[in-house]
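Biologist: Please put the model up, and then I will ask how its labels were arrived at.

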Amino acid sequence: VNIVDTLLGEHAVMYAHFDFLEQTLPGLGDLAEIRVLGTVLAAVVQSHSTVEDDLLFAALEEPLGAVSPALVGMRMMHEDIDRGFAEFEQAEDATAAREALLGVIGLARQHFLGEEESLFPTARRVLDGETLGRLGAAWAARRSVLRNPIDDWTSATHGA
Ligand SMILES: [Fe+2]
Ligand SMILES: [Fe+2]
């Protein structure tokens, strides 16, 4: 499995999570409840950033250079998102917590779009298929999912 496809899949699931929170948060007034929702989101988003940093971004250092503006910019955005979650944790009332959390979601949306429009297409261009597949296998191991060879999917019988 290609690492870029797996990371896109993670974005897709997080978009559903973002949509839910953007719809739900404006109606919530309980700080404890908002904190729980935000803490869950932070765990998911930060785990995604870590997997990206460790696998895809690390592999891009060789073809792009460690100080490539594209890589440095994306890593800075991961740090901005982390700072946003830290601010959220420090919010002392429901309004501040809600605003901080919606702010991080906005930041994450912007960042994901940047990856989808720019860094991911670059990765597909500068890394060969074998490397993208090897990174995908490392992703599967990290995420504890079984890897099903494409052959198995296409040869499986699906009912009538
Ligand atoms: Fe990212
Ligand atoms: Fe991402």
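**The two iron sites**

Modeller: In this predicted model, E52 (OE), H78 (NE2), H111 (NE2) and E115 (OE) coordinate the iron ion (ligand 1) at 2.0 to 2.1 Å.

Biologist: What makes these atoms donors of the iron ion (ligand 1)?

Modeller: The cut-off for a donor N, O or S atom is within 2.8 Å of the metal. The distances here are 2.0 to 2.1 Å, so the four atoms qualify. Along the chain, the donor residues are spaced E-x25-H-x32-H-x3-E.

Biologist: Why is the site of the iron ion (ligand 1) called irregular?

Modeller: Four donors are tetrahedral if all angles lie between 85 and 135 degrees, and square planar if opposite donors are over 155 degrees apart and all others between 65 and 115. The angles among the 4 donor atoms run from 82 to 170°. Both ends of that range fall outside the tetrahedral window, so tetrahedral is ruled out. The site is classed as irregular, and water is not among the atoms, so it may look incomplete.

Biologist: Which residues coordinate the iron ion (ligand 2)?

Modeller: H11 (NE2), H48 (NE2), E52 (OE) and E115 (OE) do, at 1.9 to 2.2 Å. Their spacing in sequence is H-x36-H-x3-E-x62-E. This site is irregular too, with angles of 83 to 177° among its 4 donor atoms. E52 lies in helix 2 and E115 in helix 4, so the pair ties together parts that are 63 residues apart in sequence.

Biologist: What makes E52 a bridge?

Modeller: E52 coordinates both iron ions, which are 3.3 Å apart.

**Buried and exposed residues**

Biologist: How do you know that E52 is buried?

Modeller: Buried means under 20% relative accessible area. E52 has 0%, so the label holds. E115 is also at 0% and therefore counts as buried. H111 is buried as well, and H111 and E115 are 4 residues apart in helix 4 (residues 94-126), which means a separation of about one helical turn.

Biologist: Is T122, also in helix 4, buried or exposed?

Modeller: T122 has a relative accessible area of 14%, under the 20% limit, so T122 is buried. Its side chain reaches the backbone oxygen of S118 at 2.9 Å.

Biologist: And why is V36 called exposed?

Modeller: Exposed means over 50%. V36, in helix 2 (residues 31-64), has 53%, so V36 passes. V36, V40 and V44 make a nonpolar surface patch of about 230 Å².

Methods: Residues numbered from 1 in each chain as written. Chains lettered and ligands numbered in written order. Predicted model: local features only at pLDDT ≥ 70, side-chain atom pairs only at ≥ 80, totals over all residues. Heavy atoms only, no water. Patch = residues over 30% accessible without salt bridge, like charges linked within 9 Å, V, L, I, M, F, W, Y side chains within 5 Å. Areas by Shrake-Rupley, 256 points an atom, 1.4 Å probe, with all protein chains shown as cover. Salt bridge = Lys/Arg side-chain N within 4 Å of Asp/Glu carboxyl O. Helix = DSSP H or I, 4+ residues; strand = E, 2+ residues; numbered from the N terminus. Buried < 20%, exposed > 50% of the residue type's maximum accessible area, 1.4 Å probe, protein only. Donors = N, O, S within 2.8 Å, 3.2 Å for Na, K, Ca; no water. Tetrahedral: all angles 85-135°; square planar, octahedral: opposite > 155°, others 65-115°. Polar contact = N/O pair within 3.5 Å; in protein donor to acceptor, adjacent residues only side chain to side chain.
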